[in-house]
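Visitor: Please choose one part of this structure and take me through it closely. I would like to see how its residues are placed and how that part fits into the whole.

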Amino acid sequence: MKLLLLSLLGLVGVQASHHEEMMKIMNNINLYNLRSQCWGEDNVNAYQLGMMKAQEKCMQLAPAYDLVQLLTPLNNPFTTLPGAANPFQKLQSFDNLNKLTSLWRSKRRASTGLLNADQNDFVEFLEDFSEFKQDMATKMGNLTCVLTELKMLTADLKINIDEYTKPVEEIEGFKPEISVAGQDPEFAKALADGYMDCYKISQNWPQAALNKKPLSRIFGRNMIFFKCADKNERKMCAKAQMLKWLETIYGSDPSEDPSEYGLPKDKYDAAAVSVMVLNNAATPEEEFVGDFFWGMG
C-alpha cells in the first residue's frame with residue numbers, strides 16, 4: 001500500500017513538472033509570436049540568432065569581473081556587536097575549512113536543534129554557500145557578457161539607453177519595413193519614450209533600497225530597467241496588435257480623431273480602451289462562446 005502511495009505521489013509530481021514545463025514553452029511561443037507580429041519574423045529570428053552566438057562566445061570567455069567578490073556583502077551584522085570580532089571574517093575566502101573553529105563552541109558543544117547538527121554540518125553549509133555564490137556569479141557573468149555583446153549594456157555594465165531609443169533604421173541588419181516601428185513613427189516614438197521613462201526610473205531609484213541585497217547593490221538599476229523595458233515592449237506590441245485587429249474587423253479612417261469620442265488621442269491607447277469596452281459589453285452568451293474558442297488552455 002505504501003509503495004502504491006509513493007508511486008502515485010511520484011506520478012503526480014512528474015505530471016505537475018510536465019505541466020509547468022509545457023506552460024513555460026507555451027509562454028515562450030506566445031511571446032515569439034507577439035514579437036514576430038511587432039518586429040517582423042525575420043528580425044526576431046536574426047535577434048535570436050545573435051543572442052545564441054553571443055552566448056556561445058561568452059561561454060568560452062573568462063569573466064571580465066570578479067563577481068564573487070562584487071556579490072560579497074559590504075557589511076556583516078556581527079561587526080556591529082560591541083566588543084565582538086567578526087566571526088565570519090575567516091570564512092570570506094573559504095580557503096581553509098579544516099582549521100575552522102565552531103562558532104558555537106563558546107556556548108555549548110552539543111546541538112539542541114531537531115537535526116542535532118554539529119560542526120561538520122556547518123562546514124558543509126559553508127561549502128554549499130560558496131558553491132551557490134560561484135554558480136550565481138557564473139550565471140550573472142555570462143548574462144552580462146551576452147547583454148554587452150548585444151549592446152544592451154555598455155562595457156562598464158551600464159544601460160546602453162542610446163541603443164534602445166535610436167531609430168530602427170539605424171540598427172545594423174534590421175529590416176524596418178516589416179516592423180511596426182519602421183512603418184509608424186508614432187509607435188516608434190511611444191516605444192522610445194517608454195524606454196526613456198524606464199531608464200529614468202532605474203537611475204532615480206534610491207541606492208539605500210538597492211544596498212539591502214548584494215545582487216541588487218551591483219545590478220539593481222539594471223534589473224529595474226530591464227523589467228520595465230520588457231513590460232514596455234510587450235504593452236506597446238500588444239496595443240499594436242489590438243489596433244490591427246480593430247482595423248481588420250471594423251475598418252479604419254485615418255482622418256478620424258479618437259478623442260472626439262472621449263477616447264485617448266493616441267491611437268494605440270484608444271485601441272486598448274476600445275478592446276476593453278468591447279469585452280465588457282459582451283453578453284454572457286458571447287463571452288461563453290469566446291471562452292470556448294479562445295480560453296480552452
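Guide: A polar atom of the Ser202 side chain lies 2.7 Å from the backbone oxygen of Tyr199, and this is the point from which the surroundings can be followed outward. The model is predicted: local features require pLDDT of at least 70 and side-chain atom pairs count only at pLDDT 80 or more, whereas totals for chains, interfaces and linings use all residues. Residues are numbered from 1 along each chain as its sequence is written, and side-chain values use heavy atoms, with hydrogens and water left out.

Ser202 is located in helix 7; helices (H or I, at least four residues) and strands (E, at least two) are DSSP runs, numbered from the N terminus. Ser202 counts as buried because its relative accessibility is 0%, where buried means under 20% relative accessible area, exposed over 50% and partly exposed in between, with a 1.4 Å probe and protein chains only. The side chain of Ser202 also makes a polar contact with the side chain of Gln203, at 3.4 Å. A polar contact is a pair of N or O atoms within 3.5 Å; within protein, one must be able to donate a hydrogen and the other to accept it, and residues adjacent in sequence count only if both atoms are side-chain atoms. Setting aside residues up to four places away in sequence, Ser202 touches Arg221, Ile224 and Phe225, contact meaning heavy atoms within 4.5 Å.

Cys198 lies in helix 7 as well. Its relative accessibility is 2%, so Cys198 counts as buried. Not counting residues up to four places away in sequence, Cys198 touches Phe225, Cys228, Ala229 and Asn232. Cys198 and Phe226 are 28 residues apart in sequence, with 8.2 Å between their C-alpha atoms.

Phe225 links these two accounts, since it is a contact of Ser202 and of Cys198. Phe225 is buried because its relative accessible area is 0%. Beyond its neighbours within four places in sequence, Phe225 is in contact with Ile159, Ile161, Tyr164, Tyr195, Cys198, Tyr199 and Ser202. Phe225 belongs to one aromatic cluster with Tyr164, Tyr195, Tyr199 and Phe226.

The structure holds eight aromatic pairs; rings of Phe, Tyr and Trp (its six-membered ring) pair if their centres lie within 6.5 Å, and planes under 30 degrees apart count as stacked, over 60 as edge-to-face and the rest as tilted. Phe225 and Phe226 form an edge-to-face pair, 5.7 Å centre to centre with 65° between the planes. Another edge-to-face pair joins Phe292 and Phe293, at 5.1 Å and 85°. Phe292 is partly exposed, with a relative accessible area of 48%, and Phe293 counts as exposed, at 61%.

Phe225 is also prominent in the largest nonpolar core: of the 30 residues there, Trp39, Tyr164, Phe187 and Phe225 touch the most other members. Such a core is a set of buried Ala, Val, Leu, Ile, Met, Phe, Trp, Tyr and Cys residues joined through side-chain atoms within 4.5 Å. Helix 1 (2-39), helix 4 (119-149), helix 5 (161-165), helix 6, helix 7, helix 9 and helix 10 each supply at least two residues of this core. Helix 9 gives the most, with eight residues.

Helix 10 deserves a separate look. Its buried residues are Tyr268, Ala270, Ala271, Ala272, Ser274 and Val275, and what covers them includes helix 6 (180-183), helix 7 (185-203) and helix 9 (214-250). At the N-terminal end of helix 10, Asp266 acts as a cap, with a side-chain oxygen 3.0 Å from the backbone nitrogen of Tyr268.

The loop between helix 4 and helix 5 contains Lys151 and Leu157. Most residues other than glycine have a negative phi. Lys151, although not a glycine, has a positive phi of about 65°, and Leu157 likewise has a positive phi of about 65°. Lys151 is partly exposed, with a relative accessible area of 44%, whereas Leu157 is buried, at 13%.

As to the whole, the protein has 11 helices and zero strands. Buried residues make up 26% of its 297 residues. Among contacts between residues at least 6 apart in sequence, 63% join residues at least 24 apart.
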